[in-house]
Amino acid sequence: MHKKNTQILSSEEHDLDQAATLLLAGQLVAFPTETVYGLGADARQGQAVAAVYEAKGRPSFNPLIAHLPSIDAAQRYVQWSAQAQTLADAFWPGPLTLVLPLRQDHGISPLVTAGLDTLAVRIPAHPTAHKLLALVDGPVAAPSANPSGRISPTTAAHVSAGLNGRIAAIVDDGACGVGLESTIVGLATPQPILLRPGGLAAEEIEAVLGHPLMQRDAHDALTAPGQLLSHYAPNEQVRLNATQAKAGELMLGFGAMACDLNLSEAGDLAEAAANLFGHLHQLDALNKPIAVAPVPTHGLGVAINDRLHRAAAPRD
Ligand code: TXA
Ligand code: MG
C-alpha cells in the first residue's frame, strides 16, 4: 500500500500530465467527475486495480466501472448495440453507466469485472475527468473515492479525509455538480434494466427508450453483485422520514422547515442531490444521530432515497 503523503494536484495541464503518468505507472489517483470523486486505477493493470480494493478496504471484489473519454474508446472494450447507441447519443457524456457484454480482446483486468462477462462503462461529463481520461488514453477503473461503506466524496477534502496517505494523488477541482453516483443501466439482458438509481432520473431514460426500464428486484440479483445494503454510513444512527429532530439529534431538512442543514429549502431535487453527501459529511463530523426529513420519491428523489436508506440501514 502507498505510504507517502498524498499529493494534491490541480486541474492545470502539467498537473493532469502528472496524474496521467501516475495512473499509467499503476498508482492510484482520485479525480473529480460530475457525480462524485472517483478513485482511479488503470483498468488493464491487475495490481493497480487490486490496490483500489485495498485502499478502500472494500470487503469483496465487486465489479468497477471503466471510465473512458469517448464512445469510440468504449467500443474497444464492449460489444456495442443499437440501444447503447441510443442512450449514449442522448446522455453521454454524463451521469449514466451502461453495462454491456465484454469483447473478446478487451485487455481489462478480471478484477475490474469481478470475473463477469460484462463491463460497466461510463463517459463522465466533467471537463477535468475528460482531459485526464484523454491523456491516459485507456480505461480507468474508478469506484467512489471513499473508504468502503462510508459517505461518498463530493470534494477533494472528503477524499483526503478518508484516503490520505493511502493513494498517490488527488486532483482537486472543487465540488461535484450532480452529487449522486451515476445511474446504471444493464444492456446485456434482453430488456434494459435499472441496476442502480443515480444522478440521471430513470424517467428521462425511459422517455428516450420509449418504454419502462425493468426494475432490479424483478431480476436475478447476480447481475449487480455487491450492492451492500449498509453504505454511505455516518458514525451515528440515521432516522428517516422525520418531521422534527428529537433531543440530541441533528436535523437534515428538505423544503422550508427548521433544521441544522437543508438539502434544498426550495424543495428542488437537483439541488438536494448536489448537497446530499456534503451535508452528511458535515453533520457526521459532529458525531450525533441524524434525523432526515422526507424527500419526494420521483425523479432524482429515487436515488436520494436509495442513498438515505443505505445510510440508515443496520450495519454488520
Ligand atoms: O458516478 C459513478 O458511477 C462513480 C464515479 C466515480 O464515476 N462511480 C461509482 O463506482 O459509483 P462504484 O464502484 O461505487 O459503484 C459501481 C457499481 C457497483 O454497484 C457495481 O456492482 C456496479 O457498479 N457494476 C460494476 N460493474 C458491473 C457489471 N459488470 N454488472 C453489473 N453491475 C456492475
Ligand atoms: Mg461507492
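## A helix residue to start from

Helices here are DSSP runs of H or I with at least four residues, numbered from the N terminus. With that in hand, find Ala273, which sits in helix α9, residues 269–284. Keep in mind as you look around that this is a predicted model.

Is Ala273 buried or exposed? A residue counts as buried if 20 or more other C-beta atoms lie within 10 Å of its own. Ala273 has 28 other C-beta atoms within 10 Å, so it is buried. Leaving aside residues up to four places away in sequence, Ala273 touches Val178, Gly179, Leu180, Gly199, Leu300 and Ile304. You can also look for Ala175: it is 98 residues away from Ala273 along the chain, and the C-alpha atoms of the two are separated by 12 Å.

## Around the ligand

Now move to ligand 1. There are 29 residues around it, and those that come nearest are Thr35, Gly38, Pro63, Ala120 and Pro143. Three elements give two or more residues to this shell: β5 (96–101), β6 (118–122) and β10 (193–196). Of the elements, β6 gives the most, with 4 residues.

What kinds of residue make up the shell around ligand 1? They divide into 14 nonpolar, 12 polar and 3 charged.

## The annotated domain

UniProt, in an unreviewed entry, lists residues 13–200 as "domain: YrdC-like". Over residues 13–200, the chain is 32% helix and 19% strand. The C-alpha atoms at the two ends of this stretch are 29 Å apart.

## One face of helix α2

Helix α2 covers residues 46–56, and its buried residues are Ala48, Val49, Ala51, Val52, Ala55 and Lys56. Seen down the axis of α2, these buried residues fall within an arc of 150°, so they line one face of the helix.

What do the buried residues of α2 pack against? Their partners are β3 (38–42), α5 (110–113), β7 (140–141) and α7 (156–163). After α2 comes Gly57, with a positive phi near 65°.

## A strand covered on both sides

Strand β13, residues 250–253, has both of its faces covered. Leu250 and Leu252 are buried on one side, while Met251 and Gly253 are buried on the other.

Two neighbouring strands are worth tracing here. β13 runs parallel to β15 (residues 290–292), and 3 bridges join them; in this pairing, Met251 stands opposite Ala291. β13 also pairs in the parallel sense with β14 (residues 261–262), over 2 bridges, and there Leu252 stands opposite Leu261.

## Some backbone details in loops

A few loop residues deserve a closer look. Trp92 and Pro93 are joined by a cis peptide bond, with omega about -10°. Pro93 lies in the loop between α4 (82–91) and β5.

Asp137 has a positive phi of about 55°, although it is not a glycine. You will find Asp137 in the loop between α6 (127–136) and β7. Which is Asp137, buried or exposed? A residue is exposed if 12 or fewer other C-beta atoms lie within 10 Å of its own; Asp137 has 11, so it is exposed.

Asn241 is another residue other than glycine with a positive phi, near 50°. Its loop runs between β12 (238–239) and β13. With 12 other C-beta atoms within 10 Å, Asn241 is exposed.

Methods: Residues numbered from 1 in each chain as written. Chains lettered and ligands numbered in written order. Predicted model: local features only at pLDDT ≥ 70, side-chain atom pairs only at ≥ 80, totals over all residues. Near = placed C-beta within 6 Å. Nonpolar A, V, L, I, M, F, W, Y, C, P; charged D, E, K, R; others polar. UniProt positions renumbered as here; feature names shortened; annotations may be inferred. Pairing = 2+ DSSP bridges. Arc of directions from axis to C-beta. Contact = placed C-beta atoms within 7 Å.
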